[in-house]
Amino acid sequence: LSFDATTDFCGSDGSGCIFDSGTPTSTMPRWIYENSQDNFEKDPNATLSFAIYVDYFKLGQFETASLTFPVAFLLEQHERGWVTLSESNRIVFGLPTWQYYYMVFDDGTDCITFAELPQSTK
């Protein structure tokens with residue numbers, strides 16, 4: 001099962017989505033976390049995907065990038081205090097994000113490139 005949180009959190013104004021490598025935690029809305037827990041109980045291989053809408057040239061032409069995490073990882077990170085929950089719809093991609101994705105920020109073009117990191121099975 002996959003729970004896809006594509007409800008425009010990281011929409012055209014970017015108001016609901018923050019990428020912050022200096023923040024030690026990631027934050028997600030409580031309702032997304034609870035739905036993810038339900039999916040994990042049904043399928044331990046469940047994933048959670050966040051769609052990020054990007055307007056590269058500010059022309060109203062959006063492209064979508066998707067970040068997908070195993071729900072088991074998010075539940076574990078929450079238990080350790082690295083994923084926090086909020087009552088708002090704001091998502092903060094902090095340090096736990098960097099465990100799954102390498103990111104390159106290009107300030108000149110206002111662009112972020114994501115590359116999924118290989119995960120250890122140890």
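**Exercise 1. Is Tyr-100 buried, partly exposed or exposed?**

Solution. Keep in mind throughout that this is a predicted model.
- Step 1: take the relative accessibility of Tyr-100, which is 11%.
- Step 2: apply the cut-off, under 20% for buried.
- Step 3: Tyr-100 therefore counts as buried.

**Exercise 2. Classify the ring pair formed by Phe-69 and Tyr-100, and place both residues in the fold**.

Solution. Let's start with the count, then turn to the geometry.
- Step 1: the protein has 4 aromatic pairs.
- Step 2: for Phe-69 and Tyr-100, the ring centres are 6.0 Å apart and the planes meet at 75 degrees. Rings pair if their centres lie within 6.5 Å, and planes over 60 degrees apart count as edge-to-face. The pair is therefore edge-to-face.
- Step 3: Phe-69 belongs to strand β5 (residues 63-70), while Tyr-100 sits in the loop between α3 (95-98) and β8 (101-106), so the pair ties together parts that are 31 residues apart in sequence.
- Step 4: check the burial of the partner as well. Phe-69 has 4% relative accessibility and counts as buried.
- Step 5: widen the view. Ring pairs join Phe-69, Phe-73, Tyr-100 and Tyr-101 in a cluster.

**Exercise 3. Find the salt bridges and describe the exposure of each partner**.

Solution. Nicely, there are 2 salt bridges to work through.
- Step 1: Arg-30 pairs with Glu-87, with the closest N and O atoms 2.6 Å apart. Arg-30 lies in helix α1 (residues 30-42) and Glu-87 in the loop between β6 (83-86) and β7 (91-93), so this bridge ties together parts that are 57 residues apart in sequence.
- Step 2: Arg-30 is partly exposed at 33% relative accessibility, whereas Glu-87 is exposed at 66%.
- Step 3: Arg-80 and Glu-76 form a salt bridge with an N to O distance of 3.8 Å. The cut-off is 4 Å, so this pair qualifies.
- Step 4: Arg-80 is exposed, with a relative accessible area of 57%, and Glu-76 is partly exposed, at 37%.

**Exercise 4. Summarise the whole chain: what is its pattern of elements, and how much of it is buried?**

Solution. Now step back from the single pairs.
- Step 1: the protein has 3 helices and 9 strands, and along the sequence they follow β-β-β-α-β-β-α-β-β-α-β-β.
- Step 2: of the 122 residues, 36% are buried.
- Step 3: the exposed area is about 7,300 Å², with carbon and sulfur atoms supplying 50% of it.
- Step 4: among contacts with a separation of 6 or more, 63% involve residues 24 or more positions apart.

Technical notes: Residues are numbered from 1 along each chain as its sequence is written. This is a predicted model: local features need pLDDT of at least 70, side-chain atom pairs count only at pLDDT 80 or more; totals for chains, interfaces and linings use all residues. Side-chain values use heavy atoms; hydrogens and water are left out. A salt bridge is a side-chain nitrogen of Lys or Arg within 4 Å of a carboxyl oxygen of Asp or Glu. Helices (H or I, at least four residues) and strands (E, at least two) are DSSP runs, numbered from the N terminus. Buried means under 20% relative accessible area, exposed over 50%, partly exposed in between (1.4 Å probe, protein chains only). Contact means heavy atoms within 4.5 Å. Accessible areas come from the Shrake-Rupley method with a 1.4 Å probe; for residues, only the protein chains shown count as cover. Rings of Phe, Tyr and Trp (its six-membered ring) pair if their centres lie within 6.5 Å; planes under 30 degrees apart count as stacked, over 60 as edge-to-face and the rest as tilted.
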